[in-house]
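Me: I would like to understand how the descriptive words used for a protein model follow from its computed values. Could we go through some of them step by step?

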Amino acid sequence: MSTILISGANRGIGFELARQFAADGWTVLGTARDPSGAGELDAISGVTVLPLEVTKGTSIEALCDDLDGRPIDVLIANAGIAFNLEAKPAEVTREDFLKVVETNTFAPLALAAALKPNLLAGELKIATAMSSLMSSIGANDWGSQYTYRASKTGLNAVWSSLAAEWRPDGIICTLLRPGLVATRMTNFSGIPVETSVAGMKAVVSGLTMSDSGRIIGYDGIDVPW
């Protein structure tokens with residue numbers, strides 16, 4: 001039975017990932033900043049809720065201690081945030097910018113690095129994180145979303161480096177694009193979360209080393225760099 005760890009699994013895309021993977025018989029480790037408020041996640045058969053604040057190094061260390069070397073087949077670094085997506089350049093604040101980059105760019109790297117021994121102990125050895133069409137420089141012909149774009153473009157660079165560096169270790173490092181999904185982050189506009197997650201689950205289930213370094217959409221289509 002394969003084991004998957006999903007950060008930010010208590011709501012939105014993370015919750016649906018946990019639900020669908022558990023329904024397929026996976027052992028799911030779902031993290032939440034406050035497990036006491038993740039009752040719906042905890043109620044899913046096959047899911048274990050673990051505490052994690054992805055921006056806190058001490059919290060990542062505590063998660064590793066809880067796991068105690070447990071093998072992990074797949075990591076999905078899902079936790080992410082977005083602030084003031086429609087802000088004009090002069091309205092972007094340093095505080096918001098750094099907070100979004102800390103959560104969306106640095107935290108997935110820190111989490112993956114900390115869990116590398118667990119991934120090496122697993123059979124599938126897959127490390128993924130959530131990118132976005134907004135990350136694409138080549139596809140950006142309408143501007144806006146300065147902070148969110150920067151955080152996800154930075155994530156692309158980070159994961160591309162991981163893919164190159166961890167290839168000799170046999171770890172597949174791939175980015176996922178969920179699409180515009182109807183969740184709280186998008187004011188519930190977009191495709192159904194069930195559709196996005198079913199597509200990403202199929203992508204994850206079919207990954208091989210030849211896919212390492214790609215940005216793959218829920219629809220199987222690559223996002224241009």
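Reply: Let us begin with what an axis is: axes are lines fitted to C-alpha atoms, for helices over the stretch in contact, and the angles between them run from 0 to 180 degrees between N-to-C directions. Please keep in mind that this is a predicted model. In it, the axes of helix H1 (residues 12-23) and helix H7 come within 9 Å and cross at roughly 60°.

Me: Why are H1 and H7 called oblique to each other?

Reply: Angles under 35 degrees count as roughly parallel, over 145 as roughly antiparallel and 65 to 115 as roughly perpendicular, while the rest are oblique. The axes of H1 and H7 cross at roughly 60°, which falls in none of the three named ranges, and H1 and H7 are therefore oblique. The crossing is right-handed, and in it Gly12, Ile13, Glu16, Leu17, Arg19, Gln20 and Phe21 of H1 meet Val193, Glu194, Val197, Ala198, Met200, Lys201 and Val204 of H7. The residues of this contact divide into eight nonpolar, two polar and four charged.

Me: What makes H4 roughly parallel to H6?

Reply: Helix H4 (residues 94-114) and helix H6 (residues 146-166) pack at an angle of about 20°, with their axes 8 Å apart. Because angles under 35 degrees count as roughly parallel, the value of about 20° makes H4 roughly parallel to H6. The contact includes Val100, Val101, Asn104 and Thr105 of H4, and Ser151 is one of the residues that H6 contributes. Its residues divide into 15 nonpolar, five polar and two charged.

Me: How do you know whether serine 151 is buried or exposed?

Reply: Buried means under 20% relative accessible area, and since serine 151 has a value of 0%, it is buried. Serine 151 belongs to helix H6, and, leaving aside its neighbours within four places in sequence, it is in contact with Val100, Val101, Asn104 and Thr105.

Me: What makes the approach of the side chains of serine 151 and asparagine 104 a polar contact?

Reply: A polar contact needs a pair of N or O atoms within 3.5 Å, one able to donate a hydrogen and the other to accept it. The side chains of serine 151 and asparagine 104 make such a contact at 3.1 Å.

Me: And why is leucine 180 called buried or exposed?

Reply: The word exposed is used for values over 50%, and leucine 180, with a relative accessible area of 54%, is therefore exposed. Leucine 180 lies in the loop between strand E6 (172-177) and helix H7 (193-205).

How values were computed:
Residues are numbered from 1 along each chain as its sequence is written. This is a predicted model: local features need pLDDT of at least 70, side-chain atom pairs count only at pLDDT 80 or more; totals for chains, interfaces and linings use all residues. Side-chain values use heavy atoms; hydrogens and water are left out. Helices (H or I, at least four residues) and strands (E, at least two) are DSSP runs, numbered from the N terminus. Contact means heavy atoms within 4.5 Å. Ala, Val, Leu, Ile, Met, Phe, Trp, Tyr, Cys and Pro count as nonpolar, Asp, Glu, Lys and Arg as charged, and the others, Gly among them, as polar. Buried means under 20% relative accessible area, exposed over 50%, partly exposed in between (1.4 Å probe, protein chains only). A crossing is left-handed if the near helix is turned anticlockwise from the far one by less than a right angle, and right-handed if clockwise.
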